[in-house]
Amino acid sequence: MATIRPFAALRPPKQYAEQVSCLPYDVMNHAEACAMAAGNASSFLHICRADIDTSEAAIHDEITYQKSRENLENFIRKGFLVRENAPAYYIYRQMMWGRVQTGIVGCASVDEYLDGTIKKHELTRKEKELDRINHFDACSTQTEPVFLAYRKHEGIATAIREWIKFHKPEYDFTSDDGVTHLLWPVTDDEVIASIRKGFEEVPTLYIADGHHRTASSAAVSAKRRQQHPDYTGEEEYNYLMAVTFSDEDLFIMDYNRVVADLNGLTAEQFLQAIGEQFTVTPAKPGAPYAPKSKHEFGMYLNNTWYVITAKEGSFDANHPIDSLDCAILQSNLLAPILGINDPRTDNRIDFVGGIRGLEELERRTGEGVAFALYPVTMADLFHVADSGEIMPPKSTWFEPKLRSGLFAHEIEH
């Protein structure tokens with residue numbers, strides 16, 4: 001049984017929604033964040049990336065977290081953000097490249113994250129956790145949502161479909177990255193009850209994206225519980241803001257690799273070495289090669305695209321991790337041949353989200369080699385999480401990204 005409960009969001013009035021909203025805090029660097037917010041005093045980046053108002057050197061300093069809090073209070077005072085009068089759900093739809101994904105914005109249970117009802121598939125880095133812990137704690141607000149997924153539930157799907165059919169969206173705009181965003185507040189008590197009941201019939205939720213935000217919300221919750229030993233469990237700090245999508249709606253893009261050099265090998269020696277575990281054939285010239293199925297890779301070397309396919313016996317097809325293409329590439333090529341033993345820390349490897357296109361691999365390769373991977377599926381993600389395993393780093397790239405600033409969750413005010 002999963003809990004997704006309604007909440008009274010802190011969100012922009014309709015006329016400010018587009019200018020307040022921004023990309024998530026962790027998809028840009030300091031300079032890019034400054035450029036995105038330039039000339040826009042109501043950009044939510046002033047809250048989720050307050051280093052644009054302090055300095056790049058102070059990104060993780062207390063002064064920046066306090067600036068986030070100050071900017072949040074200013075946004076409320078100026079009317080850029082307004083507190084909802086009563087708890088509600090919010091139907092959030094994104095449209096990109098002809099695709100549509102529609103989720104429910106609500107609050108998931110921290111306890112269900114701790115007991116495994118909400119399953120994870122990635123490790124987190126302590127320094128990234130600490131950043132959002134300090135940010136959420138200073139603001140007393142979860143400023144950006146976690147991205148959750150669930151196996152399709154017909155009752156939830158029907159409630160969403162019927163509400164959208166008979167109500168106009170409150171927000172409807174297209175951001176400068178070409179993604180259209182629509183939001184419907186769901187305020188009817190009967191519909192709220194039916195959505196809540198629907199989630200109670202969902203046995204498991206899965207973190208699709210936002211492992212650090214989830215862990216940070218749980219840490220802040222633990223801190224608040226310690227400060228309030230008489231807590232009941234109903235306080236807002238016991239819940240974390242999430243947008244929850246049916247798996248059928250979600251789209252995972254390829255997450256590709258570029259290695260800076262051939263680890264001392266010539267191109268001929270490298271091709272010979274990889275031939276032990278992969279079949280290697282030149283791709284049709286004229287365009288980058290995108291893999292057509294699992295266990296097949298596009299490889300860019302010396303201005304030439306190759307098709308490489310993992311040979312039978314080079315991986316365990318029944319293992320939830322070993323059968324993933326990123327794991328096959330790591331164990332059969334990146335580690336033994338190119339010397340990339342820890343892709344989390346080795347600065348010779350770079351990761352390129354599929355949103356940038358395969359031409360970006362050509363641009364970055366230089367004297368090294370690049371690999372285009374077939375995208376991980378939602379079934380793969382569920383299998384890994386259900387097995388209690390952890391995916392290799394940089395396995396999934398979801399598009400579109402959730403827009404920040406359209407809703408926030410105050411944990412105390």
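**Exercise 1. Locate Ser404 and describe its surroundings.**

Ser404 is found in the loop that runs between β20 (397-398) and β21 (409-410), where strands (E, at least two residues) and helices (H or I, at least four residues) are DSSP runs numbered from the N terminus. The model is a predicted one, in which local features need pLDDT of at least 70 and side-chain atom pairs count only at pLDDT 80 or more, while totals for chains, interfaces and linings use all residues. Residues are numbered from 1 along each chain as its sequence is written, and side-chain values use heavy atoms, with hydrogens and water left out.

*Step 1.* With a relative accessibility of 1%, Ser404 counts as buried (buried is under 20% relative accessible area, exposed over 50%, and partly exposed in between, for a 1.4 Å probe and protein chains only).

*Step 2.* Leaving aside residues up to four places away in sequence, Ser404 touches Val20, Ser21, Cys22, Leu23, Pro24, Phe44 and Glu144, contact being heavy atoms within 4.5 Å.

*Step 3.* With Glu144 there is a polar contact between the two side chains, at 2.3 Å (a pair of N or O atoms within 3.5 Å, of which, within protein, one must be able to donate a hydrogen and the other to accept it; residues adjacent in sequence count only if both atoms are side-chain atoms).

**Exercise 2. Work out which residues of α10 are buried and how they are arranged.**

*Step 1.* Helix α10 spans residues 267-274, and its residues Ala267, Phe270 and Ile274 are buried.

*Step 2.* Viewed down the axis of α10, these buried residues fall within an arc of 60°, so they line one face of the helix; the arc is that of the directions from the helix axis to the C-beta atoms.

*Step 3.* Glu268 and Gln272 are exposed, on the face of α10 turned away from its buried side.

*Step 4.* The buried residues of α10 pack against several elements, among them β16 (296-301), β17 (304-310) and α11 (325-334).

**Exercise 3. Characterise the aromatic pair of Tyr16 and Phe80.**

*Step 1.* The whole structure holds 12 aromatic pairs (rings of Phe, Tyr and Trp, its six-membered ring, with centres within 6.5 Å; planes under 30 degrees apart are stacked, over 60 edge-to-face, and the rest tilted).

*Step 2.* Tyr16 and Phe80 pair edge-to-face, with 5.2 Å centre to centre and 85° between the planes.

*Step 3.* This pair links distant parts of the chain, the two residues being 64 residues apart.

*Step 4.* Tyr16 is partly exposed at 24% relative accessibility, whereas Phe80 is buried at 13%.
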